[in-house]
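Grab a viewer and work through these exercises one at a time. Each task is followed by a solution, so cover it up if you want a fair go.

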Amino acid sequence: MDWSKKANYRKADRYISGVNAGDQMNYIDAMGEKRRFFLANWYLEDIFGEKKLWKPSVAASIVFIVAMMILAIGGGI
């Protein structure tokens, strides 16, 4: 059930590190200038991509599992 349709709430303005200029896409910065609000995503696939991180993460997981098994079976010398 969608409770958000039944809720009576006031739509709040966004806080964008400054005073909202009234249209939800501009704000007044600390120097009193009107600035445009924008969102951006940086996808660093060449550094943090799945293909780059798969082998190191599998190797680290295997090492961790083996170490925990040694600790559990050996009792932690």
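**Exercise 1. Work out what share of the 77 residues is buried.**

Start with the cut-offs: buried means under 20% relative accessible area, exposed means over 50%, and partly exposed is in between (1.4 Å probe, protein chains only). On that scale, buried residues make up 12% of the chain. Next, look at the surface: about 7600 Å² is exposed, and carbon and sulfur atoms supply 63% of it. Those areas come from the Shrake-Rupley method with a 1.4 Å probe, and for residues only the protein chains shown count as cover.

A word on what you're looking at: this is a predicted model, where local features need pLDDT of at least 70, side-chain atom pairs count only at pLDDT 80 or more, and totals for chains, interfaces and linings use all residues. Residues are numbered from 1 along each chain as its sequence is written, and side-chain values use heavy atoms, with hydrogens and water left out.

**Exercise 2. Find which element has the lowest mean pLDDT and which the highest.**

First, pLDDT is the predictor's confidence in each residue, from 0 to 100. The chain averages 80, and 77% of the residues score at least 70. Then go element by element: strand 1 comes out lowest with a mean of 74, while helix 2 is highest at 93.

**Exercise 3. Trace the elements along the sequence and lay out the sheet.**

Helices (H or I, at least four residues) and strands (E, at least two) are DSSP runs, numbered from the N terminus. Counting them gives two helices and three strands, in the pattern β-β-β-α-α. Strands pair if DSSP finds at least two bridges between them. The three strands make an open sheet in the order 1-2-3, with antiparallel pairing. Its edges are strand 1 (19-20) and strand 3 (34-36), each pairing on one side only. Zoom in on strand 1 and strand 2 (residues 26-28), and you'll see two bridges in the antiparallel sense, with Asn 20 standing opposite Tyr 27.

**Exercise 4. Compare the surroundings of Ala 21 and Asn 26.**

Contact means heavy atoms within 4.5 Å, and both lists below skip residues up to four places away in sequence. Ala 21 sits in the loop between strand 1 and strand 2 and is partly exposed at 33% relative accessibility. Ala 21 touches Asn 26, Tyr 27, Ile 28 and Lys 34. The C-alpha atoms of Ala 21 and Lys 34 are 7.4 Å apart, although 13 residues separate the two along the chain. Asn 26, in strand 2, is buried, with a relative accessible area of 11%. The contacts of Asn 26 include Asn 20, Ala 21, Lys 34 and Phe 37.

**Exercise 5. Locate the salt bridge and its partners.**

A salt bridge is a side-chain nitrogen of Lys or Arg within 4 Å of a carboxyl oxygen of Asp or Glu. The structure holds one: Arg 35 with Glu 33, their closest N and O atoms 3.7 Å apart. Both ends are partly exposed, Arg 35 at 40% and Glu 33 at 44%.

**Exercise 6. Which residues make the nonpolar surface patch?**

Patches take residues with over 30% relative accessible area and no salt bridge, joining like charges within 9 Å and nonpolar side chains (Val, Leu, Ile, Met, Phe, Trp, Tyr) within 5 Å. Here Phe 64, Ile 65, Met 68, Met 69, Leu 71 and Ile 73 give about 640 Å². Check one member: Met 68 lies in helix 2 (residues 50-74) and is partly exposed at 38%.
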